[in-house]
Amino acid sequence: MVLRDRYLLESVLGRGVMGQVWQGRDLPLDRPVAVKTVATELLAVASSRDAALTRFSREARAAARLDHSNVATVFDASITETRAAW
């Protein structure tokens, strides 16, 4: 699967209640990336969608502020009609 015509999702590295972390590839820059996606089940149900997207946005902003050699850097975050990823 390719997100936003940019990130090729290759395989799931891990999963949790909120979603999955994928091993992927940034196609235009030809580099490996990790992509975290929100579970589609949370986005499909109106009652949980708003809470999931709020949590997603808060988590992506907090992670983007971190700067440490042992923490993955957040370069992008987006929400589409069917998926939220960073």
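A strand, in this talk, is a DSSP run of E, at least two residues long. Strands are numbered from the N terminus. Keep that in mind, and keep in mind that this is a predicted model.

Let's start with strand β3. Q20 is found there. Is Q20 buried or exposed? Its relative accessible area is 14%, so Q20 counts as buried. What does Q20 touch? Leaving out residues up to four places away in sequence, Q20 touches V12, G14, R15, V35, K36, T37 and A39. V35 is on that list, and V35 lies in strand β4. V35 is buried too, because its relative accessibility is 5%.

Stay on β3, which covers residues 19–26. D26 belongs to this strand. Is D26 buried or exposed? The relative accessible area of D26 is 0%, so D26 is buried. What does the side chain of D26 reach? The answer is the backbone nitrogen of L29, at 3.3 Å. D26 also touches R6, Y7, R31 and V33, again not counting residues up to four places away in sequence.

R31 is worth a second look. Its charged end sits over the ring of F75. The distance to the ring centre is 5.0 Å. And how many aromatic pairs does the structure hold? Zero.

Now the loop between β1 and β2. Strand β1 is 2–3, and strand β2 is 7–15. R4 is in this loop, and so is D5. Look at the backbone here. Most residues other than glycine have a negative phi. R4 is not a glycine, yet its phi is positive, near 50°. D5 is not a glycine either, and its phi is positive, about 55°. How accessible are they? R4 is partly exposed, with a relative accessible area of 47%. D5 counts as exposed, because its relative accessibility is 76%. One more point on D5. Along the chain, D5 and A85 are 80 residues apart. Their C-alpha atoms are separated by 13 Å.

On to helix α2, residues 46–64. What length should α2 span? With 19 residues at 1.5 Å a residue, the expected span is 27 Å. The end C-alpha atoms of α2 are 27 Å apart, so the two agree.

Which residues of α2 are buried? They are A52, L53, F56, A60 and A63. These residues cover an arc of only 105° around the axis, so they sit on the same side of α2. A word of background on helices. An α-helix has 3.6 residues a turn, so residues three or four places apart point the same way.

Now turn α2 around. The face away from the buried side carries exposed residues: S47, D50, A51 and R61. And what do the buried residues of α2 pack against? They pack against β4 (31–38), α1 (40–44), β5 (78–79) and β6 (84–85).

Helix α1 is next. L43 lies in α1. So does A44. Their burial differs, so take them in turn. L43 is buried, because its relative accessible area is 8%. A44 is exposed, because its relative accessibility is 65%.

Last, some long jumps along the chain. L43 and A84 are 41 residues apart in sequence. In space, C-alpha to C-alpha, L43 and A84 are 8.5 Å apart. A44 and R83 are 39 residues apart in sequence and 9.6 Å apart in space, again C-alpha to C-alpha. Back to V35 in β4. V35 and A84 are 49 residues apart in sequence. Their C-alpha atoms are 10 Å apart.

To recap. D26 is buried in β3, at 0% relative accessible area. Helix α2 has its buried residues on the same side, and exposed residues on the face turned away. R4 and D5 have positive phi values. That's the tour.

Terms used:
Residues numbered from 1 in each chain as written. Predicted model: local features only at pLDDT ≥ 70, side-chain atom pairs only at ≥ 80, totals over all residues. Heavy atoms only, no water. Phe/Tyr/Trp six-rings, centres within 6.5 Å; stacked < 30°, edge-to-face > 60°. Lys NZ or Arg CZ within 6 Å of the ring centre and 35° of its normal. Helix = DSSP H or I, 4+ residues; strand = E, 2+ residues; numbered from the N terminus. Buried < 20%, exposed > 50% of the residue type's maximum accessible area, 1.4 Å probe, protein only. Polar contact = N/O pair within 3.5 Å; in protein donor to acceptor, adjacent residues only side chain to side chain. Contact = heavy atoms within 4.5 Å. Expected span 1.5 Å × (residues − 1). Arc of directions from axis to C-beta.
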